[in-house]
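Please look over the model shown below before reading on. The numbered points that follow are meant for someone meeting this structure for the first time.

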Amino acid sequence: MSPALKNGLLLVMLIVVVGVAGWFFTRAKKGTALPTKGFETHWMCEKCHRDFKLTPAEYQEWLDSKDKLRRDPNFPARVVVFWCPDCKAYSVVRAQLDPTTDKLVIERDSSGNFVPLATPKAPAAEESEKPPQ
Ligand SMILES: [Zn+2]
């Protein structure tokens, strides 16, 4: 093998390695690993009650964005709060779909406080309120 051929082969190998590495990194950057359909989580604005459905890809996009996620050291870091475009405030918190009422309920507000669930009226209370005859 002549030195020129050897150098040529080395160069080809180098180009292939760089090409594969480049392909790998651009592929990873696009975040195609996260599903863009299904597995949606519910989020709701505690002020205007607008609901947001986020796919895992959208959720990651909001987390990575500079303006959609509240980054405030005064609030608990574990409570994720997003920006509401209607209220112009960080007021969108995680919500759960109540299977009995089919309505969205918030477990924690944007300050990290637990939100007490609305307690349904006890049916027995009506009878005891009847005036004695
Ligand atoms: Zn809102």
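**Notes on strands, core and loops**

1. The bridge partner of A95 in β5 is I106, and this pair is to be read with the caution that the model is a predicted one. Strand β5, residues 103-106, runs antiparallel to β4, and four bridges join the two strands.

2. Between the strands of the β4 and β5 hairpin lie four residues, and in this hairpin D102 takes a positive phi near 60 degrees.

3. Both A95 and I106 also belong to the largest nonpolar core, which has ten residues and further includes W43, M44, C45, V81, F82, C84, V92 and V93. At least two residues of this core come from each of β1, β3 (82-84) and β4 (89-98). As a general background, nonpolar side chains in soluble globular proteins tend to be buried together.

4. For W43, a member of that core, the contacts beyond four places in sequence are with D51, F52, L54, F82, V92, V93, R94 and A95.

5. Two loop residues deserve a separate look. F39, in the loop between α1 (3-29) and β1 (41-45), has a positive phi near 55 degrees although F39 is a residue other than glycine. Because F39 has 12 C-beta neighbours inside 10 Å, F39 counts as exposed, the cut-off for this class being 12 or fewer.

6. H49, which is not a glycine, likewise has a positive phi, of about 65 degrees, and its place is in the loop between β1 and β2 (51-54). H49 is exposed because 11 other C-beta atoms lie within 10 Å.

Definitions and conventions:
Residues numbered from 1 in each chain as written. Predicted model: local features only at pLDDT ≥ 70, side-chain atom pairs only at ≥ 80, totals over all residues. Buried ≥ 20, exposed ≤ 12 C-beta atoms within 10 Å, placed from the backbone. Core = buried A, V, L, I, M, F, W, Y, C linked by C-beta atoms within 7 Å. Contact = placed C-beta atoms within 7 Å. Pairing = 2+ DSSP bridges.
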